[in-house]
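Welcome, and thanks for taking a look at this model with us. Have the viewer open as you read, and let us walk through the fold together.

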Amino acid sequence: MKEFDRRKFIKSVTAAGVGMSIVGSPIMSVGKSLQKKTTVGVIGLDTSHSTAFTKAINDPDGGADVSDFEVIAAYPWGSRNIKASGERIPGYTEEMVKMGVEIVDSIDELLTKVDVVLLETNDGNPHLEQALPVMKAGKPMFIDKPITGSLKDAVAIIEASKQYNTPIFSSSSLRYMESAQAVRNDNTIGEVLGADTFSPASLEESHPDLFWYGIHGVEILYTVMGAGCQTVTRTHTEGTDVVVGTWDKDRIGTFRGIRNGRGGYGGTAYGSEDIATLGPYGGYRPLVVNILEFFRTGISPVDLDETLEIYAFMEAADESKRQGGLPVNIDDVLSKARA
């Protein structure tokens, strides 16, 4: 894949007439507002999340819950190994430039300009390498899904957060479906006794199977069930995965990963008092609002132990697949990742 040249790109945009209106005076006007707003930097322009989150945060009519933040700079890389991701970088970079966001040449340069960071790189494998300088600099950071490309790296990134005393937060936007939040936080069905969730689960060979896209449905499952899964069993076919987790108190949660037929996001939660339908998906804004509140407080809205267990659940599902569908203990896969 041809290396993306930021300077040539900016020059070509200027020549096309966007020029001074992008890389000239508006950046000066943005600079004047830095004293009033918390400045946000983006790492990774290989995903639509980068532009979507920036639009939500920088929207002048976005509301009081986003108005004290501004995305001002971005480092475009990004996946260098997943072709479909890397090929998106020039297009998303152009979108960011049109929104007045400065494109920088390195993460180190980015960190000199911003207060907080959105790590958006679509490929989870470089996340640990990209996150370390951010944590060493003490900049609070949201890490988009997947938090990393392996359970071992997920353990390492959370341990580094503790070592450098830098708060981090990671989540799929599916956690913030209104119905799932109501089950978790508002006791709408009483005690949660079990749940079934579903989402698309396309595969990417560089990642454990469910890390790439199944994470969305697994995040919904954990939103309503919480942490405490003990064993995981997976049944796999070309078009479908069904993963069954056994939680504490003999509760059972299942995830269906869809690769054939119509996809979607949702599920059902079963409670001591009622049964709730999980869905529909409400878009990115609820996640963005929670990210910004995390930046304000330095407290992750999702306990990092729960986040780590989500990835252990998905790694255990891979191990169950390797073992022909046998149950796999989550503690065992965590111990192996920590070794």
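## A residue and its neighbours

Leaving aside residues up to four places away in sequence, Thr307 touches Ile147, Ser170 and Val302. Keep in mind as you look at these contacts that the model is predicted. Thr307 itself sits in helix α14, which covers residues 304–322.

Is Thr307 buried or exposed? Its relative accessibility is 3%, and because buried means under 20%, Thr307 counts as buried. One of its contacts, Ser170, falls within the range of β6 (168–171), a strand we will meet again at the edge of a sheet.

## The whole protein

Now let us step back for the overall picture. The protein has 15 helices and 13 strands. It holds 339 residues, and 54% of them count as buried.

If you like to think in contact maps, take the contacts with a separation of 6 or more: 74% of them are between residues 24 or more positions apart. As for the outside, the accessible surface comes to about 14800 Å², and carbon and sulfur atoms make up 49% of that.

## The six-stranded sheet

Strands of a sheet pair through backbone hydrogen bonds, and the pairing can be parallel or antiparallel. Here, six strands form an open sheet with parallel pairing, in the order β3-β2-β1-β4-β5-β6. At the edges are β3 (102–103) and β6 (168–171), each of which pairs on one side only.

Which residue stands opposite Glu102 of β3? That is Ala73. The strands β2 (residues 69–75) and β3 are joined by two bridges in the parallel sense. A helix also packs against this sheet: α4, residues 48–58, lies across β1 (38–43), β2, β4 (116–119) and β5 (141–144). Relative to β2, helix α4 runs at about 155 degrees.

## The antiparallel strands

Elsewhere in the chain, the pairing takes the other sense. Strand β7 (residues 192–200) runs antiparallel to strand β11 (residues 266–271), with six bridges between the two. If you want a pair to pick out in the viewer, try Phe198 and its bridge partner in β11, Gly266.

Strand β11 also pairs with β12 (residues 275–278), again antiparallel, through four bridges. Gly267 has Leu278 of β12 as its bridge partner. How many residues lie between β11 and β12 in their hairpin? There are three residues between these two strands.

Note on methods:
Residues numbered from 1 in each chain as written. Predicted model: local features only at pLDDT ≥ 70, side-chain atom pairs only at ≥ 80, totals over all residues. Heavy atoms only, no water. Buried < 20%, exposed > 50% of the residue type's maximum accessible area, 1.4 Å probe, protein only. Contact = heavy atoms within 4.5 Å. Areas by Shrake-Rupley, 256 points an atom, 1.4 Å probe, with all protein chains shown as cover. Pairing = 2+ DSSP bridges. Axes fitted to C-alpha atoms, helices over the stretch in contact; angles between N-to-C directions.
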